Amino acid sequence: MKLTVAQALVRFLSRQYTERDGRRHRLIAATWGIFGHGNVAGIGQALLEAGPEAMPFFQGRNEQAMVHAAVGYARQSGRLSAHAVTTSIGPGATNLVTGAALATINRIPVLLLPGDTFATRPADPVLQQLEVPYAGDLSVNDTLRPVSRHFDRITRPEALIPAALQAVRVLTDPVQTGAVTLALPQDVQAEAYDWPEEFFAERVWGVRRPRPDRAELAAAALAVRSARRPLIVAGGGIRHSAAGAELAAFAEATGIPVAVTQAGKGVLPHDHPADLGGIGHTGTAAADDLAREADLVIAAGTRLTDFTTASATLFQNPAVRFIGLNLDPYDAHKLAALPLVADAREGLGELRQALAGHRVDPGYEAAYLQGRSRWESRVRGAWVVPACDEDRPPTQAQVLGLLDALVDDTDILVNAAGSLPGDLHKLWRARSADQYHVEYGYSCMGYEIPAAMGVALAAPGRPVWALVGDGTYLMNPTEIVTAVQEGIPVKVVILDNHGYASIGGLSGAVGAEGFGTAYRFRAPDATYTGAPLPVDLAANAASLGMAVIRARTVGDLREALAEARSATRPTCVYTQTRTPDTVSGPPPAQAWWDVPVAETATRRAAAEAREAYDRQAAQRRRHL
């Protein structure tokens with residue numbers, strides 16, 4: 001069959017499927033694209049010729065945002081279905097780097113198809129070609145190598161066959177998945193080749209569920225039986241494995257409590273007795289207090305990042321040991337853990353069977369249930385809106401409280417950056433396994449709006465909320481145009497606090513005095529401490545086609561959120577938040593996070609911050 005390379009690639013991708021637990025999913029459900037001279041005559045023409053039945057197409061406005069939308073779709077699809085993203089050469093391709101890093105760090109599949117400079121080199125250099133005197137085969141697309149789980153450049157038509165098969169193998173591998181890049185020289189895209197029919201046969205790629213090794217399972221069971229104060233730390237691997245029900249069964253059978261990472265939040269519903277909420281720097285007192293005294297930590301499906309471990313200061317029991325239940329041996333061995341390399345659902349299920357009849361001491365269970373109850377009271381206190389606040393601008397915690405009172409288990413919240421991830425991790429009461437969608441592997445400003453579109457495409461009919469601060473909004477609002485064009489009814493909530501408030505607070509804590517973090521005019525002393533900038537984000541969202549509701553007070557906001565939830569078109573709720581006081585603000589961080597402070601400084605704030613830093617850093621441990 002004679003087709004161009006681009007036509008063959010589109011046809012091949014349209015016939016790839018995943019299968020897990022007897023359910024089949026189309027692997028590449030759609031392609032996002034912005035066309036330029038590097039892909040318009042290749043992939044662009046191929047998509048047109050294939051038609052929307054073979055390969056649906058979405059027109060993007062920003063290359064990075066297209067990757068974010070694809071990531072949102074793939075995460076909501078359980079990593080069993082994904083999107084492709086095509087760009088031209090040059091700046092279109094390099095704009096993919098941030099999105100690729102986000103996908104790979106979070107281990108979410110996305111296929112990147114950037115155009116590339118000519119393989120045949122008819123003229124040298126061509127437009128947007130990077131000239132490297134010591135290497136004639138480099139292009140700007142090589143910036144994608146370190147942020148891709150797999151990278152290949154298709155310099156001859158026949159090379160597409162093994163390259164495409166390898167790309168799909170990585171996309172469907174639950175350990176290796178992430179961004180996969182196939183760089184496509186623009187001349188090769190348009191070149192014809194006589195392809196074997198077998199290349200276009202339907203292929204079903206099974207997504208493995210490896211069971212634990214017998215010896216590792218026995219060692220893990222012995223460690224659990226020997227522990228007096230065990231704790232489970234549940235991460236995103238529980239969600240990706242759809243192991244929430246098995247986690248609940250394990251906790252109910254053993255009485256072992258569960259704390260969750262940002263990626264793992266929601267794997268147990270908030271009202272499950274074993275759920276202690278978030279762990280680490282943005283965690284709850286119930287989880288962090290228990291973690292400090294735990295003598296065994298079952299790290300299930302987590303990468304154990306610095307936020308989770310409070311920068312290696314959280315697990316303070318001198319006798320603490322770890323079990324690493326993870327599909328990836330690299331993660332399973334972290335913190336010198338006893339490895340239990342397995343699919344999360346299979347590993348939890350077999351460990352529960354190996355522990356038949358075992359349960360923690362009733363006194364330990366009663367103690368953590370009391371801690372959980374105390375934290376619930378603090379959450380309710382943060383949510384409450386005093387009568388005197390009804391006609392005042394809301395605090396950020398009150399915004400979340402009003403949303404909490406409105407939603408049900410069908411709603412999905414998308415967030416990634418600023419102070420919102422911390423407040424959500426501590427306070428949000430997740431009602432379903434996929435309600436809490438906070439991207440905190442890369443914590444990428446600008447992720448929320450395009451990702452919410454991807455989530456909505458994967459979960460049609462469900463209310464999807466993109467929660468953004470003004471700093472995040474200004475980073476990447478352009479896909480609002482796409483949401484309007486496609487009729488994707490995302491709900492964007494803009495919280496305007498006139499600057500990078502999260503980093504402003506951190507700056508103050510580390511002795512940098514909020515330098516360069518406020519959105520204000522310059523004052524006479526050249527600092528950004530003048531009047532707030534006259535930027536109207538609500539008008540901007542309206543100019544991009546959104547329905548916009550301005551909420552000045554708490555009372556306004558309550559009505560605006562309800563109106564937005566029932567809206568059938570993309571809708572924005574805009575509010576300016578006020579600085580919280582000690583009553584209406586969220587609880588402070590319950591554990592440390594290592595942000596180095598100037599070791600020597602003449603300003604008092606930095607010197608005092610360094611003293612506090614040294615006290616906290618002294619608690620760091622290397623678990624060997």
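The legends below accompany close-up views of a predicted model.

**View 1. The right-handed β-α-β unit formed by β22, α23 and β23.** Strand β22, which spans residues 547–550, and strand β23, which spans residues 571–576, pair in the parallel sense, and 4 bridges are found between them. Helix α23, made of residues 554–565, completes the right-handed unit together with these strands. Within the pairing, Arg 550 stands opposite Tyr 574 of β23.

**View 2. The surroundings of Thr 575 in strand β23.** Thr 575 belongs to strand β23, and its relative accessible area is 0%, so this residue counts as buried. A polar atom of the Thr 575 side chain lies 2.8 Å from the backbone oxygen of Ala 551.

**View 3. Gln 590 in the loop that lies between β23 and α24.** The helix at the far end of this loop, α24, covers residues 604–617. Gln 590 has a relative accessible area of 18% and is classed as buried, because the class takes in residues under 20%. The side chain of Gln 590 reaches the backbone oxygen of Pro 588 at 2.7 Å.

**View 4. A nonpolar surface patch that includes Phe 521.** Leu 474, Phe 521, Leu 533 and Val 535 make up this patch, which has an area of about 330 Å². Phe 521 is placed in the loop between α21 (501–509) and α22 (537–543). With a relative accessible area of 43%, Phe 521 is partly exposed, and it can therefore be counted in a patch, for which residues need over 30% relative accessible area and no salt bridge.

**View 5. Three salt bridges, formed by Glu 158 with Arg 156, by Lys 334 with Asp 331 and by Arg 392 with Asp 389.** A search of the whole structure finds 33 salt bridges, and the pairs shown here are described one by one. In the pair of Glu 158 and Arg 156, the closest N and O atoms are 2.8 Å apart, and Glu 158 is partly exposed at a relative accessible area of 29%. In the pair of Lys 334 and Asp 331, the closest N and O atoms are likewise 2.8 Å apart; Lys 334 is partly exposed at 21% relative accessibility, whereas Asp 331 is buried, with a relative accessible area of 3%. In the pair of Arg 392 and Asp 389, the closest N and O atoms are 2.9 Å apart; here Arg 392 is partly exposed, with a relative accessible area of 34%, while Asp 389 counts as buried at 3% relative accessibility.

**View 6. A network of salt bridges that includes Asp 21.** The network links Arg 20, Asp 21, Arg 209, Asp 343, Arg 345 and Glu 346. Asp 21 lies in the loop between β2 (16–20) and β3 (23–26), and its relative accessible area of 46% makes it partly exposed. The backbone of Asp 21 has a phi near 55°, a positive value in a residue other than glycine.

**View 7. Ala 310, a residue other than glycine with a positive phi.** The phi of Ala 310 is near 50°. This residue is found in the loop between α12, which covers residues 306–309, and β16, which covers residues 321–326. Ala 310 is buried, its relative accessibility being 0%.

**View 8. The cis peptide bond that joins Asp 124 and Pro 125.** The omega angle of this bond is about 5°. Pro 125 lies in the loop between β7, formed by residues 110–116, and β8, formed by residues 150–153.

**View 9. Helix α17, a mostly covered helix of residues 420–427.** Of the 8 residues in α17, 8 are buried. The buried residues are Leu 420, Pro 421, Gly 422, Asp 423, Leu 424, His 425, Lys 426 and Leu 427, a list that includes Asp 423, His 425 and Lys 426 alongside Leu 420, Leu 424 and Leu 427. Each of these residues is classed as buried because its relative accessible area is under 20%.

Definitions and conventions
Residues numbered from 1 in each chain as written. Predicted model: local features only at pLDDT ≥ 70, side-chain atom pairs only at ≥ 80, totals over all residues. Heavy atoms only, no water. Pairing = 2+ DSSP bridges. Helix = DSSP H or I, 4+ residues; strand = E, 2+ residues; numbered from the N terminus. Right-handed = clockwise from strand over helix to strand, strands pointing away. Patch = residues over 30% accessible without salt bridge, like charges linked within 9 Å, V, L, I, M, F, W, Y side chains within 5 Å. Areas by Shrake-Rupley, 256 points an atom, 1.4 Å probe, with all protein chains shown as cover. Salt bridge = Lys/Arg side-chain N within 4 Å of Asp/Glu carboxyl O. Buried < 20%, exposed > 50% of the residue type's maximum accessible area, 1.4 Å probe, protein only. Polar contact = N/O pair within 3.5 Å; in protein donor to acceptor, adjacent residues only side chain to side chain.
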